[in-house]
Amino acid sequence: MIPEIEQLLNDQITYEAKASAQYLSMASWADTNGYNGVAEFFYMQSEEERLHMTKLVKFINERSGVAIIPAVDKPRNDFDSLIELFEIFLESEEFVTAKINNIIHECLTLKDYNVHNFMQWYVSEQLEEEATARTLLDKLKIIGDDKSGHYLFDRDINTFQATEQA
Ligand code: FEO
């Protein structure tokens, strides 16, 4: 594996690990603040990020590289509001997308078409996750400070998911 690409993939492992830890922390906050639906949503997102990380670990190792498992800083664990959770979610996904786009760019520059092909799965995954984050944030912006709106959002969030992915 081209060393520069291996380094970028290892960096990506760190970003996925950070996202997984951040979403787990957001799930936990939601759980302790009465938002059980939102908690469930972020527990699932956290699991997904862990899968994204593991997929990279296996890929690097299968291609005779060496995957490095990173230490992850303590994520943020206190939040002002439901809307802040989803702002962080969208920012995090946009950040990850930018990093994936950079890997794609480097693959093309260095002519690593194998990794380029592997990364297409991440490109599609990011499109979906960013769309989900944007849709949910838009809904919360409409709801504003309305407490009963928050109650309904929390009750229905995992239904929006099912509908959007169908
Ligand atoms: Fe794996 Fe949502 O970035």
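The following paragraphs describe helices, aromatic pairs, a pocket and selected residues of a predicted model.

Residues are numbered from 1 along each chain as its sequence is written, and side-chain values rest on heavy atoms, with hydrogens and water left out. Because the model is predicted, local features require pLDDT of at least 70 and side-chain atom pairs count only at pLDDT 80 or more, whereas totals for chains, interfaces and linings use all residues.

Secondary structure was assigned from DSSP runs, numbered from the N terminus, with helices taken as H or I runs of at least four residues and strands as E runs of at least two. Helix α1 comprises 30 residues and extends 44 Å from its first C-alpha to its last, close to the 44 Å expected at 1.5 Å a residue; the expected span is 1.5 Å times one less than the number of residues. For α3, with 28 residues, a span of 40 Å is expected, and the separation of 41 Å between its end C-alpha atoms agrees with this. Gly 34, which follows α1, has a positive phi near 85°.

Positive phi values also occur at two serine or lysine positions. Most residues other than glycine have a negative phi. Ser 64, in the loop between α2 and α3, nevertheless has a positive phi near 65°. This serine counts as exposed, at 69% relative accessibility, where exposed denotes over 50% relative accessible area, buried under 20% and partly exposed the range in between (1.4 Å probe, protein chains only). Lys 111 lies in the loop between α3 and α4, just after α3, and takes a positive phi of about 60°. Its relative accessibility of 59% likewise places Lys 111 in the exposed class.

The structure holds 15 aromatic pairs, a pair being defined by ring centres within 6.5 Å for Phe, Tyr and Trp (its six-membered ring), with planes under 30 degrees apart counted as stacked, over 60 as edge-to-face and the rest as tilted. Tyr 15 and Phe 95 form an edge-to-face pair, with 5.2 Å between centres and 90° between planes. This pair joins distant parts of the chain, since Tyr 15 belongs to helix α1 and Phe 95 to helix α3, 80 residues apart. Tyr 15 is buried, at 19% relative accessible area, whereas Phe 95 is partly exposed at 40%. An edge-to-face arrangement is also formed by Phe 41 and Phe 89, at 5.6 Å centre to centre and 80° between the planes. Here helix α2, which holds Phe 41, is linked to helix α3, which holds Phe 89, across 48 residues. Both Phe 41 and Phe 89 are buried. Ring pairs further connect Tyr 23, Phe 41, Phe 42, Phe 86, Phe 89 and Phe 153 into a cluster.

Phe 42, a member of this cluster, lies in helix α2 (residues 36-62) and is buried, with a relative accessible area of 0%. Apart from neighbours within four places in sequence, Phe 42 contacts Tyr 23, Met 26, Ala 27, Leu 85, Phe 86 and Phe 89, contact meaning heavy atoms within 4.5 Å. By C-alpha positions, Phe 42 and Ile 69 are 22 Å apart in space and 27 residues apart in sequence. Ser 46, also in helix α2, is buried at 6% relative accessibility. With neighbours within four places in sequence set aside, its contacts are Ser 20, Tyr 23 and Leu 24. The C-alpha atoms of Ser 46 and Ala 17 lie 9.0 Å apart, although 29 residues separate the two in sequence.

In helix α4 (residues 113-143), Asp 138 is partly exposed, with 43% relative accessibility. Its C-alpha lies 9.5 Å from that of Phe 86, 52 residues away along the chain.

The largest pocket contains about 180 Å³ of space. On a 1 Å grid over the protein atoms alone, a pocket is an open set of points with protein on both sides within 12 Å along at least five of seven lines, whereas in a cavity a 1.4 Å probe fits but cannot get out; lining residues have an atom within 4 Å of a point. Grid points are joined across faces, edges and corners, and the volume is the space filled by probe spheres set on them. The lining consists of Tyr 15, Lys 18, Ala 19, Gln 22, Ile 88, Ser 92, Phe 95 and Val 96. Helices α1 (3-32) and α3 (82-109) each contribute at least two of these residues. Five lining residues are nonpolar, two polar and one charged, where Ala, Val, Leu, Ile, Met, Phe, Trp, Tyr, Cys and Pro count as nonpolar, Asp, Glu, Lys and Arg as charged, and the others, Gly among them, as polar.
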